[in-house]
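Please find below my note on this entry, set out as numbered points for your consideration.

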Amino acid sequence: MSIIEIFTDHVVNRKSLKDYVEIRKGLQERGEFNDKKLIQAEETLQCLKKIDPETYEKMYQILNDIFKRDTGDTVEYPINFVREVLRIGQNGMSAKNVCEEYRRSLEHSFHGE
């Protein structure tokens with residue numbers, strides 16, 4: 001499996017990004033995020049799961065909907081998901097606000113749709 005396939009598997013199947021960090025250490029490929037950012041994203045997801053399970057589920061449902069829509073750039077879907085997760089708490093962004101903005105990505109047209 002390539003690094004992006006492993007990363008996608010971890011994101012889509014809600015596997016620990018901390019585990020992914022450890023797996024990635026044995027590969028000779030570079031990922032999109034550094035270890036610190038991935039650990040931060042995992043901690044944010046676990047906190048969200050605990051304090052706002054509804055928003056946590058919505059975030060993953062949006063990711064699932066994006067994969068179903070399949071606009072042709074599947075490599076970017078899990079990367080964008082983690083980028084959105086990392087926005088939670090930055091500049092006062094609540095999880096609900098980030099989730100709403102992430103949901104809006106489903107409304108955009110891509111590749112001539």
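The points that follow concern a predicted model, and they go from the core to the helices and then to the salt bridges.

1. The largest nonpolar core has 30 residues, among which Phe7, Met59, Phe81 and Val82 touch the most other members. Helices α1, α2, α3, α4, α5 and α6 (95–104) each contribute at least two residues to this core. In soluble globular proteins, nonpolar side chains tend to be buried together.

2. Methionine 59 deserves a closer look: apart from neighbours within four places in sequence, its contacts are Leu48, Phe81, Glu84, Val85, Val98, Cys99 and Tyr102.

3. In helix α1, which spans residues 3–12, the buried residues are Ile3, Ile6, Phe7, Thr8, His10 and Val11, and the elements that cover them include α2 (17–25), α3 (35–51), α4 (53–69) and α5 (76–87). Arginine 14, just after α1, takes a positive phi of about 55°.

4. For α2, the buried residues are Leu17, Tyr20, Val21 and Arg24. These cover an arc of only 105° around the axis, which puts them on the same side of α2, whereas Glu22 and Lys25, on the other side of the helix, are exposed. The packing partners of the buried residues of α2 are α1, α3 and α5. At the N-terminal end of α2, serine 16 acts as a cap, with a side-chain oxygen 3.1 Å from the backbone nitrogen of lysine 18.

5. Threonine 55, a residue of helix α4, has a relative accessibility of 3% and therefore counts as buried. Its side chain makes a polar contact with that of aspartate 52 at 2.7 Å, and, residues up to four places away in sequence not being counted, threonine 55 touches Leu48, Ala95, Lys96 and Cys99.

6. The whole structure contains 12 salt bridges. In one of them the side chains of arginine 24 and aspartate 35 meet at 2.5 Å, N to O; arginine 24 lies in α2 and aspartate 35 in α3, so the pair ties together parts that are 11 residues apart in sequence. Arginine 24 is buried at 10% relative accessible area, while aspartate 35, at 28%, is partly exposed.

7. Two salt bridges lie within single helices. In α4, lysine 58 and glutamate 54 are 4 residues apart, about one turn of the helix, and their side chains meet at 3.3 Å, N to O. In α5, arginine 87 and glutamate 84 are 3 residues apart, again about one helical turn, with their closest N and O atoms 2.7 Å apart; here glutamate 84 is buried, at 16% relative accessible area, and arginine 87 is partly exposed, at 24%.

8. Finally, a network of salt bridges links Glu32, Glu76 and Arg83.

Methods
Residues are numbered from 1 along each chain as its sequence is written. This is a predicted model: local features need pLDDT of at least 70, side-chain atom pairs count only at pLDDT 80 or more; totals for chains, interfaces and linings use all residues. Side-chain values use heavy atoms; hydrogens and water are left out. Buried means under 20% relative accessible area, exposed over 50%, partly exposed in between (1.4 Å probe, protein chains only). Contact means heavy atoms within 4.5 Å. A nonpolar core is a set of buried Ala, Val, Leu, Ile, Met, Phe, Trp, Tyr and Cys residues joined through side-chain atoms within 4.5 Å. A polar contact is a pair of N or O atoms within 3.5 Å; within protein, one must be able to donate a hydrogen and the other to accept it, and residues adjacent in sequence count only if both atoms are side-chain atoms. The arc is that of the directions from the helix axis to the C-beta atoms. A salt bridge is a side-chain nitrogen of Lys or Arg within 4 Å of a carboxyl oxygen of Asp or Glu.
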